[in-house]
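Have a look at the model below before reading on. This report takes its pockets, its helices and its strands in turn.

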Amino acid sequence: MRRVAVPLLGLVMLVVLSGCSEADKEQWKRLGLPESASDRYVYMHDLWIGSWIAAGVVGFFVWGLIGWAVVRYRRRSDDELPPQVRYNLPIEVLYTMAPVVIVAVLFFFTVEKQNKILEQVDHPDHTVVVTAQQWSWTFNYIGEDATNGANVWESGNADTLPQLWLAEGESVRFDLHSPDVIHDMWVPEFGFKLDVVPGRSNSFDMTPTRVGEFVGRCAELCGV
């Protein structure tokens, strides 16, 4: 039955994948991540794929141990129980140290990618001051008025969301602040998001890498 099940499963997967569009296939390759639209996306992509690989390795190892235990210690025809052991020091050391090592490795790569994502450019082409407000945002483009160099701004509300205009290939610095609400600036195609907290100024730099319209998502319950 096993000889039949494995090829059959492979055939089913092949038929399912052959019916997917090119966009769907690319989505599968990215394991659910949206298509990149910023220069910082690659770091989050690498961390995302690496986390999936780590989870897969751990999962197959655990499933393998479960399968081995089920087969090796299955009930025999004589109903004789296997030897009962109260303690097994090597196993206890393994399941204590293995999670610590896994978390430490993931923490290391997370901090490494985070530092690269938040690394600022020396002289950004544009500066946008982002003010958080309940259910919306205000975008203040510093010195972008072509006639007199004044600031240009756009504010939204719960019914009319503001549009953020960026230039492909030109670096932007976002200065984030909030007078009263906790918010979270997130455009999935940018590859990351950053909290906006009253009394604390956050900032990040990025460069858009392709033309398109990208929807900002709500990643925080922006209450007072």
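How do the residues of the lining of the second largest pocket divide into nonpolar, polar and charged? There are 17 nonpolar residues, one polar and one charged. Keep in mind that this is a predicted model.

## The second largest pocket

This pocket has a volume of about 510 Å³. It is lined by 19 residues, and the ones closest to its centre are Phe61, Leu65, Ile91, Leu94 and Tyr95.

Helix H3, which covers 41-72, supplies at least two residues of this lining, and so does helix H4, covering 89-117.

## How H3 and H4 meet

To describe two packed helices, you give the angle between their axes and the distance between the axes. For H3 and H4, the axes come within 9 Å and cross at roughly 170 degrees. Angles over 145 degrees count as roughly antiparallel, so that is what H3 is with respect to H4.

Now for the residues that make the contact. On the H3 side they are Tyr43, Met44, Asp46, Leu47, Ser51, Ala54, Val58 and Phe61. H4 brings Leu94, Ile102, Leu106, Phe109, Thr110, Lys113, Lys116 and Ile117. Sort the residues of this contact by type and you get eleven nonpolar, two polar and three charged. Two names turn up again here: Phe61 and Leu94 belong to the contact, and both are also among the residues closest to the centre of the second largest pocket.

## The largest pocket

Over to the largest pocket, with its volume of about 910 Å³. Its lining has 30 residues, and Pro162, Gln163, Leu164, Phe214 and Gly216 are the closest to its centre.

Which strands help to line it? Strand E2 (136-141) and strand E5 (183-187) each supply at least two residues. E5 gives the most, with five residues. By type, the lining divides into 20 nonpolar residues, five polar and five charged.

## The five-stranded sheet

E2, which helps to line the largest pocket, also sits in an open sheet of five strands. Reading across the sheet, the order is E3-E2-E1-E4-E7, and the pairing is mixed. At the edges are strand E3 (152-155) and strand E7 (202-206), each of which pairs on one side only. Direction ignored, neighbouring strands of this sheet are turned by 20 degrees against each other on average.

Zoom in on one pair. Strand E1, residues 126-133, runs antiparallel to E2, and six bridges join the two. To find your way around, look for Ala132, which stands opposite Trp137 in E2.

Methods
Residues are numbered from 1 along each chain as its sequence is written. This is a predicted model: local features need pLDDT of at least 70, side-chain atom pairs count only at pLDDT 80 or more; totals for chains, interfaces and linings use all residues. Side-chain values use heavy atoms; hydrogens and water are left out. On a 1 Å grid over the protein atoms alone, a cavity is a set of points where a 1.4 Å probe fits but cannot get out, and a pocket is an open set with protein on both sides within 12 Å along at least five of seven lines; lining residues have an atom within 4 Å of a point. Grid points are joined across faces, edges and corners, and a volume is the space filled by probe spheres set on the points. Helices (H or I, at least four residues) and strands (E, at least two) are DSSP runs, numbered from the N terminus. Ala, Val, Leu, Ile, Met, Phe, Trp, Tyr, Cys and Pro count as nonpolar, Asp, Glu, Lys and Arg as charged, and the others, Gly among them, as polar. Axes are lines fitted to C-alpha atoms, for helices over the stretch in contact, and angles run from 0 to 180 degrees between N-to-C directions. Angles under 35 degrees count as roughly parallel, over 145 as roughly antiparallel, 65 to 115 as roughly perpendicular and the rest as oblique. Contact means heavy atoms within 4.5 Å. Two strands pair if DSSP finds at least two bridges between them.
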